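Reader: Please take one part of this model and describe it closely, then work outward from there. I would like the enclosed space inside the protein as the starting point.

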Amino acid sequence: MKTTGNIFGSNHFNTIGSWLKKEFGCRVMKLSLDAGFTCPNRDGSKGTGGCIFCSEDGAGHYASDIPGQIRLLHNKWPQGSYIAYFQSHTNTYAPTETLRSLFDQALSQPGVVGLAVATRPDCLPEDVLDLLSEYERRTFLWVELGLQTIHDSTAQRLNRCYPLAVFDQAMAALSARNIRTVVHLILGLPWETREMMLQSADYVGALHPFGVKLHMLHVMRNTALADLYQLRFSENAGADFYWHIFEQKEYIDLIVDVLERLPQDITIHRVTGDAPPEELLAPLWSTDKRSVLNGIQKEFKRRDSWQGRSCTVP
Ligand code: SF4
């Protein structure tokens, strides 16, 4: 894809915040919701115990009610609008009538201009796809897919419980319905080299989703990953065990490499994480989010670079 230089100003990359501001003409904020879903990886239909990095609340540490969140945000940014973000666990893992009722309820709240629905690629049966297609026509919508890695060997060890082919099918089905997709990748997974992480980024870049969410791997207490973290220097971790835990500078370098390779029009939804410090085992430097974000800007500046600079996607 042709790169047009740094069109992102001091950000150096296409942040979803800036993109939404242009699209809606105001600040658009996400309301993080826990609609009470579970996940096929936890309830036994695909697996038990969940993905090894996932804590019991399924990534919904800050999820709370819509009116409460709107009240708080409205006090700070009275001109803002909201996207109802169904974040915790698998938000299409229910009958379509239940989903419709939840989505309609969210859209009826003052200032809510759209929906973001996080799910698994193996939880998008035909009737759910049709429902999402209906919301795509009615409102602003994106669907988030937790891919994490393109490497099935890693995915199996993570207990993700679906192969890459299922993700490919889901992407094709969503794209055939013009539904925006946001793909999650985790950087820093055990059993993965830096090269493998870049391969995941290249693969996703070539599919050209609406957005990409780059997560730093957080080792959270009371997860299977936390057990592995304790075992990492022992023989019990397995003969082919490999896990390089990034220092802050290494992580920043990798993020900038990834962003340089992604097409410029892909929106970037996250480049670091927000783990509750009391539950985080590693990496502890990640709690200083500001320092990570500043480091990324500095590295772009040092390289005189921007998102898409070395993108080879046609
Ligand atoms: S699919 Fe998502 S919610 Fe389910 S266990 Fe994995 S990370 Fe957690």
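Author: The model is a predicted one. The largest cavity is lined by Leu-187, Gly-188, Met-216, Leu-217, Val-219, Trp-243, Ile-245, Phe-246, Tyr-251, Ala-282, Pro-283 and Trp-285. By class, that lining holds 11 nonpolar residues, 1 polar residue and no charged residues. The volume of the largest cavity is about 90 Å³, and the count of cavities of 30 Å³ or more comes to 1.

Two of the lining residues, Ala-282 and Pro-283, are joined by a cis peptide bond, with omega near -10°. Pro-283 itself sits in the loop between strand S9 (280–282) and helix H10 (289–303).

The nonpolar cores come next. The largest nonpolar core has 63 residues, and those that touch the most other members are Phe-103, Leu-115, Leu-132, Leu-147, Leu-259 and Ile-296. Helix H9 (residues 248–261) makes the greatest contribution to this core, with 7 residues. A second core, separate from it, has 19 residues, including Phe-53, Val-219, Ala-237 and Phe-241. Val-219 in that list is also one of the residues lining the largest cavity. In soluble globular proteins, nonpolar side chains tend to be buried together.

Leu-115 can be followed further. Apart from neighbours within four places in sequence, Leu-115 contacts Ile-83, Ala-84, Phe-86, Phe-103, Ala-106, Leu-107, Tyr-135, Phe-140, Leu-141 and Trp-142. Three of these partners, Phe-140, Leu-141 and Trp-142, also appear among the buried residues of strand S4.

S4 is mostly covered, with 9 of its 9 residues buried. On one side of S4 the buried residues are Phe-140, Trp-142, Glu-144, Gly-146 and Gln-148, and on the other they are Leu-141, Val-143, Leu-145 and Leu-147, so both faces are covered. S4 pairs with strand S3 (residues 112–119) in the parallel sense, over 6 bridges. Within that pairing, Val-117 stands opposite Val-143 in S4.

Gln-148 belongs to S4, which spans residues 140–148. Its phi is near 75°, a positive value in a residue other than glycine. Gln-148 has a relative accessible area of 12% and is therefore buried, the limit being under 20%. A positive phi is also found at Asn-178, near 60°, again in a residue other than glycine. Asn-178 lies in the loop between helix H6 (164–176) and strand S5 (180–187). With a relative accessibility of 56%, Asn-178 counts as exposed, because the limit for that class is over 50%.

Strand S1 (residues 28–33) is largely enclosed by the rest of the structure, because 5 of its 6 residues are buried. S1 and S2 pair in the parallel sense over 6 bridges, and Val-28 stands opposite Ser-81 in S2.

After strand S2 (81–86), the loop leading to H3 holds Thr-90. Thr-90 is buried, with a relative accessible area of 2%. Setting aside neighbours within four places in sequence, Thr-90 contacts Phe-37, Thr-38, Cys-39, Pro-40, Ala-118, Thr-119, Arg-120 and Cys-123.

An open space completes this region. The second largest pocket has a volume of about 170 Å³. Its lining is made of 12 residues, and Leu-33, Ile-66, Phe-86, Leu-102 and Gln-105 lie nearest its centre. One of these, Phe-86, is also a contact of Leu-115. Helix H2 (66–76) and helix H3 (96–107) each supply at least two lining residues of the second largest pocket, and H3 gives the most, with 3 residues. The lining of the second largest pocket divides into 7 nonpolar, 3 polar and 2 charged residues, whereas the lining of the largest cavity has no charged residues.

Last comes a position on the outside. Phe-233 is placed in the loop between helix H8 (224–231) and H9. At 74% relative accessibility, Phe-233 counts as exposed. Phe-233 and Asp-34 are separated by 199 residues in sequence and by 36 Å in space, C-alpha to C-alpha.

Key. Residues numbered from 1 in each chain as written. Predicted model: local features only at pLDDT ≥ 70, side-chain atom pairs only at ≥ 80, totals over all residues. Heavy atoms only, no water. Core = buried A, V, L, I, M, F, W, Y, C linked by side-chain atoms within 4.5 Å. Buried < 20%, exposed > 50% of the residue type's maximum accessible area, 1.4 Å probe, protein only. Helix = DSSP H or I, 4+ residues; strand = E, 2+ residues; numbered from the N terminus. Contact = heavy atoms within 4.5 Å. 1 Å grid on protein atoms, 1.4 Å probe; cavity = no way out; pocket = protein on both sides within 12 Å on 5 of 7 lines; lining within 4 Å. Points joined across faces, edges and corners; volume = space filled by probe spheres on them. Nonpolar A, V, L, I, M, F, W, Y, C, P; charged D, E, K, R; others polar. Pairing = 2+ DSSP bridges.
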